[in-house]
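Q: Got a model open here. Can you walk me through how some of its helices and strands pack?

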Amino acid sequence: MVRLLVLAMGACALTLLWRVPHLFGWSENAALDWLAATQMGGPTLAAALSITAAVRSSGRDRLAWGFISAGSLTYILANIAYIAAASEGQIAFPTPIDTAFFVMALLFAVGILLYGRGRHSAAVDTYNFILLYGATIVGTLFLLHHEIKASRLSEFGTLVAFLYPALWCSIAALGAIVLALHPRDKTRLPMALLTAAVAFEGGADFIYAVQLMNSAYSVGGWPHILWMVSAALIAWAAAEHCLIARSAGANAHMDIGERQRTWSQALAPAAILFVILITGSISGAFGQGIYQYFSASLAVVLATVVGLREYWIVTTRNRLERIADERLLRLSDSEMRLTSVLESTSDSVLVLDAQWRVRFFNTQALTMIPELADFGVGAGLWDVLRPEERETYEAGYESVLETGEPLELETFNASRQMWIGLRAYSTGNGISVFFRDISEQRRIRDEIVQLAHHDFLTGLYSRVIFSRKLSEAIASSRMTAVLLIDLDSFKEINDTLGHGVGDAVLIEVAERLRSCTPKDCLLARLGGDEFAIIMDICAVSDVVDLGNRITQCFATPFRQSDQSLTVGVSIGISSTATISSGSDLFTKADIALYEAKARRGGNVVVFEPAMEIRLRDRKKLLEDLSRAVENNELELAYQPLLDTSSSRTVGFEALLRWRHPVRGLVSPVQFIGLAEESGLIGEIGEWALRAACAEATKWPSELSISVNLSTRQLADEGLVNMIVSALMDTGLDHRRLELEVTESALLQEANLPVLKSIQDLGISLALDDFGTGYSSLSYLQRFQFNKLKIDRSFIMDVSENGKSKAIVSAVVELARMLGMSVTAEGVETQAQFDWVAKCCDQVQGYFISRPMSASDAAAYLVKEGEGNRFLRRGRAQLGR
């Protein structure tokens, strides 16, 4: 509404300015002066506002308004010069001043192009302007051909007069196209005003040219009015732009739709063709009458066809451009993603073309090949790499390029002092190489191989290598022998001194074995304290000699933790000289080793078939033992314990027996150790405890029952609960139960809390077989037993051997001081009984009674109650 009001006021002002000389009746000269002044006012205002618009703008807008303001200033200067020339009477047309008006037109054309081109992507350029100018020239020729023919000006003057409207009309057409392509933003109105100003300028010059050719031009006519309107529109456009620039919104716009832009581009050539044809038709250049109508119709049809065809061309081009842009964008995105992936990978990457030029390398590659930073992309690969690297990789790379087959290899790069893992792939027109420093992986892999092939503690070969080499030796048909070596008493060292000392002993054992084993033999540690040797021999005596040398090597004690440790070896030997099947070589050696261990160690035993028979018998015995409890083949024998002070039986020791359905009565020596090794002792021990407790409930309440506990049983977490369950199920008073353990039970520190828990139940604990095995006074210090039982080995000659008497006396005295009772085991003669009865609390042995069945034990108690011969003899002896 405001702009409409401004437009109305501007029209009124122009009318008033135009009519002032007539209203006041001014003379012709005064009227001319007034018109000249008003004509200078519009361009001056337009120039001032254009300069302001340029100052307040930036970028293309500033440049555009700079050209427009330059055009306005040129117009002002040209008018001043024209007025000055007219005042001197020099008004012949054309004059040099007219050149300034053409320059002004070109400045406006550049300004309009810049003002519109900054906000759209259409192809509006100088080429379009030349086409429009050419079409306008032709159209103007058609329209003015009568005036040109009848022109009263010179030929040059006619040409200049003709070029005025042609130039300005082409600029107006250019402005219309730019306006059509202009975005829908705030600058659209200034653009429209500039286009309208140029159009008014073109119309004024058209009338001006006609009047000049007809010698009818006079100051104050329509050309002057249209020039003033044009200047006013330019001033208005500049003012609008100043307002936009002040509100900082000149760059805020909405782009026009693609369809509208396409139509605008398509209409340009159609409009050019239409202008040429329609102006020729109107002017009568193509004939009069019906020919004018025909040519006009033809102009419409041809312009429409050209426009539609151009529209199809533009849309097709745009579609192809979009497709190309999308593909380019996708390609760019793919390249970016690929580059991102290649940069993020831990591998170093090189991409090479068929001429071995580097086309890409990632950052990681720079760390491994610093020379890439100096040569960069495009450099020859063999210029970048070192000579020895070319020798290593060139053949492989060429193979990948020629065959397309990938290459994978690991090489040690001596020049860079690293192991490199490399993979190369064909890319069709080159190869891509992925490589990395694998020095650390190789080191770890070598360590893994070392660990897999060698024992980690001793450095000897592992069981895996031993098995492989043994298979190879057997397959070679050479005479081969196997020695299996097992350490004697090593478990006790490990248990008493700890695994640290045990490991140190194993390391020294390995060194001793190395020192006495020939270099051509394979020495391995199979695990634990078991070692093995594979040896090529000529005779069995060769391997026996080696076994004897090894035992001699171990005759010298080991020195560890300031202690002297004696470690013997047991050796089992087998050879293909005596064994028909080489595949059984290891098994036979193992059987021989078992035989050597059974002989109390320190032996070298060569496999004999009889050993295998004994081993099979042992396995069969173990198989039968596993079913002994289920088949009720186990039974208990009871041996009485005699109190020396009262000569009365105070209890029985339950001794396990196995009555085999085929073998008959099997000695405990044969099966107790087997039960402990196999783990059957837990089930058998529980059966024995429950059976003994149940039998004891049938005896007088003052009698105790003594049951042996295996060291293996103490490792069972449920032992204490099992004992409690046995007492509760049988109803036996816990104070009547006595459990016996050997000194080996104290080797394991974990057994002490178990023994303490048993003792806390009120159950007596006895240390059995004291003085044998691992005798040490430290055991008596570590745990408080209720009873100490002296082993029969000290009792056998106690009545005759002074040393035995001294030992037994010392043990009894020590037990007394520690608050323990003492039982003498294995008493078999009167002389033994007479001596131990003086110092020991209880006596046990064949002299008192052999172990007996449960029924015999009951009868024995009855006889004792009636008074038997032994009781009377005992009392008489005590009386003396």
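A: Sure. One definition to start: axes are lines fitted to C-alpha atoms, for helices over the stretch in contact, and angles run from 0 to 180 degrees between N-to-C directions. Also, this is a predicted model.

Q: Fine. At what angle do helix 8 and helix 9 cross?
A: Roughly 165°. Helix 8 covers residues 188-213 and helix 9 covers 222-246. Their axes come within 8 Å.

Q: So are they roughly parallel or antiparallel?
A: Angles over 145 degrees count as roughly antiparallel, so helix 8 and helix 9 are roughly antiparallel to each other.

Q: Which hand is the crossing of helix 8 and helix 9?
A: Left-handed. The residues in that contact split into 20 nonpolar, four polar and three charged.

Q: Switching. How close do the axes of helix 18 and helix 19 come?
A: Within 6 Å, crossing at roughly 140°. Helix 18 is residues 490-497; helix 19 is 499-516.

Q: Which residues meet there?
A: From helix 18, Phe490, Ile493, Asn494 and Leu497. From helix 19, His499, Val501, Gly502, Val505 and Leu506. By class, this contact has six nonpolar residues, three polar and no charged ones.

Q: Now the sheet. What's the strand order?
A: 7-8-6-11-12, an open sheet of five strands with mixed pairing. Strand 7 (522-527) and strand 12 (604-606) are the edges, each pairing on one side only. Twist averages 20° from one strand to the next.

Q: How many bridges join strand 6 to strand 8?
A: Seven. Strand 6 (residues 480-488) and strand 8 (residues 530-536) run antiparallel.

Q: And which residue in strand 8 is the bridge partner of Ile485?
A: Phe531.

How values were computed:
Residues numbered from 1 in each chain as written. Predicted model: local features only at pLDDT ≥ 70, side-chain atom pairs only at ≥ 80, totals over all residues. Heavy atoms only, no water. Helix = DSSP H or I, 4+ residues; strand = E, 2+ residues; numbered from the N terminus. Contact = heavy atoms within 4.5 Å. Nonpolar A, V, L, I, M, F, W, Y, C, P; charged D, E, K, R; others polar. Parallel < 35°, antiparallel > 145°, perpendicular 65-115°, else oblique. Left-handed = near helix turned anticlockwise from the far one by under 90°. Pairing = 2+ DSSP bridges.
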